[in-house]
Amino acid sequence: MATVDLKSITKVYDGNVQAVKNVNFTVRDKEFVVLVGPSGCGKTTTLRMIAGLEDITAGELFIDEKLVNDVPPKDRDIAMVFQNYALYPHMTVYDNMAFGLKIRKFAKQEIKSRVDEAARILDIEELLDRKPKALSGGQRQRVAVGRAIVRQPKVFLFDEPLSNLDAKLRVQMRAEISGLHNRLQATMIYVTHDQVEAMTMGDKIVVMRDGIIQQIGDPLTLYNSPVNRFVAGFIGSPPMNFMAVKVIEEGGELMVDEGNFKIPVGGSKVDLVRPYIGKELIFGIRPEDLKYESGTIEGETVDTTVQVVEPLGAEINLYVDTGSHVMVARIPPTITVHVGDVIKFAIIWERAAFFDVESEQTLGIGVEV
Amino acid sequence: MADNAPSVTRTALVRQAGTSKEDVKRTTRRILFGVFMYGVLIFVFVVSALPVVWVIMSAFKDNSAILSSPFSLPNQLNFQAFVQVFTLYNFQTYTLNSLLVASLATLLSLVVYAMGAYVIARFDFPGKSLFYILFTLTLLVPPHTKAQPIFSLILNLRLYDTKTALVVVYLSFGMAMSMFILRAAFMAIPKEFDEAAAIEGASFVRTFWMINLPLAKTGLATAGIMMFLGHWNEYFYAMLLTASAKHRTLPLALAFFTEAFSYDYTQMFAALTVVIIPGIVIYALTQEQVQASVASSGVKG
């Protein structure tokens, strides 16, 4: 198995469109790395450069410590699973899976044993004689993965492989691909726009936006310590609530003033926002870090009006109006709330975040402004 | 609720009455449209297919029956005229010549045009549009205007009065149309197949041959059939470039045949049938693919 190293990789298309800007990251041996970001962020272009399907405008790409910028795809020892599977419609499942091995002139017996083994792992032994047309979406997905694993490549590349499946199947295949990674102990790079996929599958996540890497880290680091407002908002569902606030000092107490409410800052955040007295900041709080308060702790809670109630079974998502912002809060299912109710939320300050208005960087993490 | 009930019923009744009136209107319109549609279909059939049916029918009747009651059905299935056409007038040679020339020219040009269309459909290179426009421009040149240069060329190549001459000349026929159909066929194939093949290790030639060519089979069938029929029926260059009976193709043979034996209508119609039938059979066999391809090339071309 292998490592993949991207050093200052840049992609410029005709007409000076910069799709990928100075991307640097390393995929360690046997690691499952997810590239995630909204559409047009350059994640697929990055993957296609690793595959050799796109030329690299500038920078160096190493696979297994070998510079491969000018090595054609077939000599990079990689396999790729495409978004639309790209199964050859005129070949049977067996022939689709055996295609690469036949080209590489493997012995017939070896081809058969590898295809059979892959089919067994993916539970598609029954389908080997069928044409792709006669398969369901999930089965096609498996065949596409099977075609990749029979080659036993150094690196597996996945380009949004689950985006054509329905929600239920997606959850199932997500677990299967993770299982496959554990089983094969292979280096995998996976592109998706779905942050849930990224969080559940990746050992390491690379968050991209407008061709630039925003943050690299394991799922919980990204969730708990996002370096900027974009990552904070992109990772997590429902997303983090943001609101512009002014830091003020009243009676020796540090407070944030949202316009409609003022609330004293608590915990370690006091020292963090002290330099910003009189200035504006973006305040961020995740839905689960808004604590529902049934009692009345005057001055330390935010009064809100319930607009929408979304009972999900294990939890309830509430869309609540502070007067100037709509926030999402996540509360336990045991609490009964109706639309129009006025309810109070306390803030778990240790979990709150502040972002600089200009740079949108998180205060206290990464590049501080 | 009870107060509203009568008014609801009344509205429903009015609506029902309106509906039945509209129904009658709609039915009349549908019938009129049906009559018009069948009228057009029958007209097209009468002008295009009936003469062919009449020719085939007449090949089974004797001369006097053809002259006295031209539209009657044949009394018996008499293949004698066909036997005579083949035994007395050397038609097997002409048929073989036609088959050989038309098939060879079609196959060779399909291979060449498919390669050209694939490159134009898949890759960007300087002058691509110019090439494509030049190919298309050949449509605007009437084939007969090229007679003199082609004749001189064939003469200088010492190919005059050979079947090779016909194959070579026919190769260029149908280029614009075939390129158009094949380009559309290749463009309809997702690029991911090429990319997947590239990653699997397939060379350019293998990707073309094993992935794209089989997937473009409707386009290939269409272009092939159209070219084959064109070559099969071609008369002008066959006359211009061959002299001996040894290299004569069917349309040419037919011309000589009608000149020499125009009084024997049965044989003439039998000979005509021999020329007509293969085209019809081939088209009938591949009709579905041809139609699918013509329809899709219309959208994507």
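Here is a short walk through chain B, its domains and its contact with chain A.

Keep in mind that this is a predicted model, scored at ipTM 0.84 and pTM 0.81. For chain B the mean pLDDT is 85, with 88% of the residues at 70 or more. Both ends of the chain deserve some care. Residues 1–8 of chain B stay under 50 in pLDDT, and the model gives this stretch 0 contacts beyond four places in sequence. At the other end, residues 297–301 of chain B also have a pLDDT below 50, but here the model does show 8 contacts beyond near neighbours in sequence.

Let us turn to the domains. Chain B is assigned domain 1, covering 4–58, and domain 2, covering 80–300. Where these two domains of chain B meet, domain 1 contributes 4 residues and domain 2 contributes 5 residues. On the domain 1 side of that contact you will find 3 nonpolar residues and 1 polar residue, with no charged ones.

Now look across to the partner chain. The contact between the chains draws 14 residues from chain B and 17 residues from chain A. Which helices of chain B each supply at least two residues of the side that touches chain A? They are helix H10 (191–200) and helix H11 (204–215). H10(B) provides the largest share of that side, with 7 residues. By class, the side of chain B that touches chain A is made up of 9 nonpolar, 1 polar and 4 charged residues. Charged residues thus appear on this side of chain B, while the domain 1 side of the contact with domain 2 of chain B has none.

Key. Residues numbered from 1 in each chain as written. Chains lettered and ligands numbered in written order. Predicted model: local features only at pLDDT ≥ 70, side-chain atom pairs only at ≥ 80, totals over all residues. Domains from an automatic or database assignment. Contact = placed C-beta atoms within 7 Å. Nonpolar A, V, L, I, M, F, W, Y, C, P; charged D, E, K, R; others polar. Helix = DSSP H or I, 4+ residues; strand = E, 2+ residues; numbered from the N terminus. pLDDT = per-residue confidence, 0-100.
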